[in-house]
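Dear colleague,

Here is the structure you will be working from. Please look it over first; the notes on what was found in it follow below.

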Amino acid sequence: GLGVFVAKDFAAGELLCRVPPEALLIAGDGESLAQRYLQERSRADSDSFQAYWPSLPAKEELAPLHPLHWPPVLRRPEYVAELLRGSLAAQRTFQARLTGEVEESMLEALLVVDSRSFNITDEKGRVLRALVPFIDLVNSFVPLTSAANSWNCWFRGNLEEGAMLHAEHSIPRGTELVHCYGTFSSAELWATYGFLPLEAMESPDEAPL
């Protein structure tokens with residue numbers, strides 16, 4: 001797999017890298033990020049993201065238990081849509097999948113957006129989803145009860161400054177950058193990334209049964 005390592009020492013809170021706003025892929029008015037992604041990939045006259053596309057996950061690279069590998073009889077729209085954070089776009093996509101109305105490319109676009117996008121804010125504080133080249137190569141960590149603070153950087157982004165990674169604590173040269181997936185439940189983690197941790201997660205959405 002891919003990863004990002006630092007070539008110098010960084011102090012806590014220091015800016016590690018910044019991707020400018022013009023390098024982000026963000027949905028326009030009235031369209032989803034998955035739609036914008038497909039439109040941009042199909043444009044023969046655009047080379048803005050050509051170097052970025054090969055770094056994104058393909059269906060064949062998914063973990064074997066990812067929902068997109070499930071047989072159709074298990075891929076019930078209401079169940080998978082709930083796993084995929086209950087989004088209306090996901091529900092419509094999987095409903096259409098069962099009736100053969102959606103191309104494989106739309107499902108893969110949904111996968112890319114769900115597994116590789118970040119939250120950024122606009123000038124009014126509204127949350128937008130964006131694909132962020134380079135920063136999305138940084139590997140992520142799930143908070144575990146045994147090691148809740150094993151990531152070393154944190155993300156923030158907005159339309160004015162772009163997307164940024166900051167050091168969570170001091171990071172010595174040669175260290176791999178790792179940020180946090182977020183406080184997913186195990187169901188969300190499985191549906192989005194196709195795996196579950198072997199240890200108990202430190203998550204407000206998890207409780208032992």
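**Overall layout**

The secondary structure of the protein consists of five helices and eight strands. Please keep in mind that this is a predicted model. Along the sequence, the order of these elements is β-β-α-α-α-α-β-β-β-β-β-β-α.

The protein has 209 residues, and 40% of them count as buried. Among the contacts with a separation of 6 or more, 62% are between residues 24 or more positions apart. The exposed surface of the protein is about 11600 Å², and carbon and sulfur atoms supply 53% of that area.

**Cysteines**

How many disulfides does the structure hold? The count is zero. As general background, a disulfide is a covalent bond between the sulfur atoms of two cysteines. C17 is in no disulfide, and the nearest cysteine sulfur to its own belongs to C153, 8.0 Å away. The cut-off for a disulfide is a pair of cysteine sulfur atoms within 2.5 Å, so the 8.0 Å between the sulfurs of C17 and C153 does not meet it. Seen from the other side, C153 is likewise in no disulfide, with the sulfur of C17 as the nearest cysteine sulfur.

Are these two cysteines buried or exposed? C17 is buried, at a relative accessible area of 16%. C153 is buried too, with a relative accessibility of 1%.

**Salt bridges**

The count of salt bridges comes to six. Three of them are described here, each with its partners.

- E14 and K8 form a salt bridge in which the closest N and O atoms are 3.5 Å apart. E14 is partly exposed at 28% relative accessibility, and K8 is partly exposed at 42%.
- R43 pairs with E40, and the closest N and O atoms of this salt bridge are 3.4 Å apart. R43 is partly exposed, with a relative accessible area of 39%, whereas E40 is buried at 5%.
- D122 pairs with R126 in a salt bridge whose closest N and O atoms are 2.7 Å apart. D122 is buried at 8% relative accessibility, whereas R126 is partly exposed, with a relative accessible area of 47%.

There is also a network: R36, E40 and R43 are joined by salt bridges that share partners. The pair of R43 and E40 listed above has both of its residues in this network.

**The surroundings of D136**

Where does D136 lie? D136 sits in the loop between β4, residues 127-131, and β5, residues 139-141. Although D136 is in a loop, D136 is buried, with a relative accessible area of 8%. That value falls under the 20% cut-off, which is why D136 counts as buried.

Which residues does D136 touch, leaving aside those up to four places away in sequence? They are Y52, L56, R116 and F118. One of these, Y52, also makes a polar contact with D136: the side chains of the two residues are joined at 2.5 Å.

To go through these points in the viewer, you could begin with the loop that holds D136, then turn to the network of R36, E40 and R43, and end with the buried cysteines C17 and C153.

Best regards

Definitions and conventions:
Residues are numbered from 1 along each chain as its sequence is written. This is a predicted model: local features need pLDDT of at least 70, side-chain atom pairs count only at pLDDT 80 or more; totals for chains, interfaces and linings use all residues. Side-chain values use heavy atoms; hydrogens and water are left out. Helices (H or I, at least four residues) and strands (E, at least two) are DSSP runs, numbered from the N terminus. Buried means under 20% relative accessible area, exposed over 50%, partly exposed in between (1.4 Å probe, protein chains only). A polar contact is a pair of N or O atoms within 3.5 Å; within protein, one must be able to donate a hydrogen and the other to accept it, and residues adjacent in sequence count only if both atoms are side-chain atoms. Contact means heavy atoms within 4.5 Å. Accessible areas come from the Shrake-Rupley method with a 1.4 Å probe; for residues, only the protein chains shown count as cover. A salt bridge is a side-chain nitrogen of Lys or Arg within 4 Å of a carboxyl oxygen of Asp or Glu.
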